[in-house]
Amino acid sequence: MLSTGDKMKIENGTHTVYSVTVSELSESLAPTTIDVQGMSLTFRGKEVVLSLLNKGHEVSSHVMSRDTERCSCGKLSWILRLEKTLVIKFANEKSEREFRAILEGLGDAASLSKFKARTEESSASQYFQFYGYLSQQQNMLQDYVRTSTFQRAILDNHTDFQDKIVLDVGAGSGILSFFAVQAGAKHVYAVEASGMAEHCRELIKHNKYEDKITVIHGMIEEVEIPEQVDTIISEPMGYMLYNERMLETYIHARKWLKKEGKMFPTKGTLYLAPFSDEGLFQEVSNKANFWYQTFFYGVDLSYLRKQAYTEYFKQPIVDTFDPRHLVAKPIKHTTDFLSDTEESLKKISIDFTFYPHTATHVHGLAFWFDVSFEGSQKTIFLSTAPSEPLTHWYQVRCLTETPLYARPGQPIIGNVTLVSNKRQSYDVKLEMNLAGSSTKVSNVLDLKNPYFRYTGAVAIPPGTHTTSPSEQYWSTNDTQNQTGYTTGGAYNGYTPAQPVKTPYPTSPSSYNVYDENSY
């Protein structure tokens, strides 16, 4: 039997399939059960095609519109007067609520968009509320690496904007639209679904760009753009590149792009590598020790310790780390925004083989990403690598409950699969094993529920010093005092981050990287 949220292809579209039981009502209102197990909904303009399924095959299909007579019947059932009068009973209340929302929006294209089909209503509401706050826009604008790189990529490729029609997807405050106008854009359509659209209009008016930038309040899957565009700009990246699932919206916007049009950014590359960090592992393990208590206000909590331990390890860690915690060269997985499909981002599977450069405990996989802006004049990279200046994306690490002990050069073989969900995120399924050994570890992590570990400091992996840190520090200070130059030097083997460099013409993460298909 099909379960809620299963996906399938019908008439070249992706649709939600619900587990249901269906009866047909005769004129005497006597119900006759129909031999079906599932129902799929196909969005077609301002109509919905309802297909009844038996073992995955279509038995019959019916068109619903705003004029379709219907009524709810109890908590789980609906009566629909189509070519026949059908009673549809859903397997659970969640499915019934989704169906109710679709029925309420029949005739309204906004209710039938791909975005709403793949997104829980509560998730979408929280998402747009979050990005409607000026404080959150400020957080992104003040990310110097992010904002400066976008501006440089646009201005250094001004021929892709000069006298061009530009589409800004998820415009937010409108900063990218302003950059496009600075590069000479003829006109920019700034599409923003959150309440920030009104603030964007106010900024445009205050800067006297009303003739250059038009704000369209709505989702790109639902709005109409007056004309085809030459260039699409957006900042659609989330944690681990794919979180928030805005990349699908960005790719969807290609329906408005001219044949030889440009997209900024053009490609996104996710990097992954095994890491060793005993301090992090112990920190997460110890969080569960709270549940060891046997007399907490007179209550024995110890029964839940194992469940708590598992739950903490299902949280991806969002923070930054010293790249020396990485124990092997990274591999990469690239998404081309100009050619890849929305469907390809529903499930992302990456096989890997890593070769540790030292004997170590492997505590999990670390992830970061680069995006490239491949313009007509220059290619610019924005990197979130741990070796580069910090961004608001940080890096992401996924732990396993049990570490692997690997010897130098011993292959670590496995797979990580990102499975999309309706909470605008992914479930991260991780499996690793050692070549020549039966040792295997796995975990399933919830990217929607990360552990934000912003410590403000980067821990140095123990055992990396080959000279005395104390001697090195005081020797450096003595030298600086003798020359009359005093500034923070290297301490404890760590040199403070250098100022942000000019945006990269090549990917900073591409040093000695294995491509996912190269081994």
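Helix packing, a cavity and backbone exceptions in a predicted model

User: In this predicted model, is the crossing of helix 5 and helix 6 left-handed or right-handed?

Analyst: The structure is a predicted model. In it, helix 5 and helix 6 cross, and the hand of that crossing is right-handed.

User: Which residues of helix 6 are met by helix 5?

Analyst: Helix 5 contributes Thr 147, Phe 150, Gln 151, Ile 154 and Leu 155 to the contact. The residues of the contact comprise seven nonpolar, three polar and no charged. On the side of helix 6, the partners are Ile 175, Leu 176, Phe 179, Ala 180 and Gln 182.

User: Are helix 5 and helix 6 roughly parallel or roughly antiparallel to each other, and why?

Analyst: Helix 5 spans residues 144-155 and helix 6 spans residues 175-182, and their axes lie 9 Å apart. The packing angle is about 30°. Angles under 35 degrees count as roughly parallel. Helix 5 and helix 6 are therefore roughly parallel.

User: How are helix 9 and helix 10 oriented to each other?

Analyst: Helix 9 (residues 278-287) packs on helix 10 (residues 305-313) with axes 8 Å apart and an angle of about 140°. Only angles over 145 count as roughly antiparallel, and those from 65 to 115 as roughly perpendicular. The pair is therefore oblique.

User: How many charged residues are in the contact of helix 9 with helix 10?

Analyst: Helix 9 passes helix 10 in a right-handed crossing. Phe 281, Val 284, Ser 285 and Lys 287 of helix 9 make the contact with Arg 305, Tyr 309, Tyr 312 and Phe 313 of helix 10. By class there are five nonpolar residues and one polar residue, and the number of charged residues is two.

User: Which strand supplies the largest share of the lining of the second largest cavity?

Analyst: The count of cavities of 30 Å³ or more is two, and the second largest holds about 30 Å³ of space. Its lining consists of Met 240, Phe 367, Trp 368, Phe 369, Thr 384, Trp 393, Tyr 394, Gln 395 and Val 396; by class, seven are nonpolar, two polar and none charged. At least two lining residues come from each of strand 19 (360-374) and strand 21 (395-406). The largest share, three residues, is that of strand 19.

User: Where is the proline of the cis peptide bond from Phe 264 to Pro 265 found?

Analyst: Most peptide bonds are trans. The bond from Phe 264 to Pro 265 is cis, with omega near 5°. Pro 265 lies in the loop between strand 14 (257-264) and strand 15 (267-275).

User: What is the phi of Asp 163?

Analyst: Asp 163 sits in the loop between helix 5 and strand 10 (165-169). Most residues other than glycine have a negative phi. In Asp 163, a residue other than glycine, phi is positive, with a value near 60°.

Conventions. Residues are numbered from 1 along each chain as its sequence is written. This is a predicted model: local features need pLDDT of at least 70, side-chain atom pairs count only at pLDDT 80 or more; totals for chains, interfaces and linings use all residues. Side-chain values use heavy atoms; hydrogens and water are left out. Axes are lines fitted to C-alpha atoms, for helices over the stretch in contact, and angles run from 0 to 180 degrees between N-to-C directions. Helices (H or I, at least four residues) and strands (E, at least two) are DSSP runs, numbered from the N terminus. A crossing is left-handed if the near helix is turned anticlockwise from the far one by less than a right angle, and right-handed if clockwise. Contact means heavy atoms within 4.5 Å. Ala, Val, Leu, Ile, Met, Phe, Trp, Tyr, Cys and Pro count as nonpolar, Asp, Glu, Lys and Arg as charged, and the others, Gly among them, as polar. On a 1 Å grid over the protein atoms alone, a cavity is a set of points where a 1.4 Å probe fits but cannot get out, and a pocket is an open set with protein on both sides within 12 Å along at least five of seven lines; lining residues have an atom within 4 Å of a point. Grid points are joined across faces, edges and corners, and a volume is the space filled by probe spheres set on the points.
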